[in-house]
Amino acid sequence: MELFEELRALGVDIDDGLKRVMGNEKLYKRLLGSFVKMTDTNTIRPDFDTSDYTKETEKAHSIKGTAANLSITPISEAYTRILGLLRTGKPEEAREVLGEVLPIQGEIIRCIESHME
């Protein structure tokens, strides 16, 4: 199966993502690769410290924004929720949402990595 088909099946809005880069598939694929690297350096662990979660808030903001720009909808929506929960002082609830999205995020990242040149 081709990368875009697999990502569509995982809930990524490929059409919108391509529209954002004026249909340039090569650029979009390169940006997907950058997303993988960015999530690697901005990993949020589900067992983060709930007494000081400043770094997690910053990381969630980065992941949310990049995922939204690429129309990686399942991730951008989940991190929007996580960010909102962290900003309103609900880190335990944010942990729950993070636990739900990490497997999906892992699938999307593995899919992208499997098609990288």
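These questions and answers concern a predicted model.

Reader: What makes up the secondary structure of the protein?
Author: The protein has 6 helices and 0 strands. From the N terminus, the elements run α-α-α-α-α-α.

Reader: How do you know whether the radius of gyration agrees with a compact globule?
Author: The rule is 2.2 Å times the number of residues to the power 0.38. For 117 residues that puts a compact globule near 13 Å; the protein has 14 Å, so the two agree. Along its principal axes, the C-alpha trace spans about 45 × 25 × 20 Å.

Reader: What is the span of H5, and what is expected?
Author: H5 covers residues 73–87, 15 residues in total. The expected span is 1.5 Å times one less than the number of residues. That gives 21 Å, and H5 reaches 21 Å from its first C-alpha to its last. Just after H5, Gly89 has a positive phi of about 75°.

Reader: Why are Ile75 and Tyr79 of H5 called buried?
Author: Buried means under 20% relative accessible area. Ile75 and Tyr79 are among the residues of H5 that count as buried, as are Ile82, Leu83 and Leu86. An α-helix has 3.6 residues a turn, so residues three or four places apart point the same way.

Reader: What covers the buried residues of H5?
Author: The cover includes helix H3 (25–41), helix H4 (54–69) and helix H6 (91–114). Contact here means heavy atoms within 4.5 Å.

Reader: What share of the protein counts as buried?
Author: By the 20% cut-off, 39% of the 117 residues count as buried.

Terms used: Residues numbered from 1 in each chain as written. Predicted model: local features only at pLDDT ≥ 70, side-chain atom pairs only at ≥ 80, totals over all residues. Heavy atoms only, no water. Helix = DSSP H or I, 4+ residues; strand = E, 2+ residues; numbered from the N terminus. Buried < 20%, exposed > 50% of the residue type's maximum accessible area, 1.4 Å probe, protein only.
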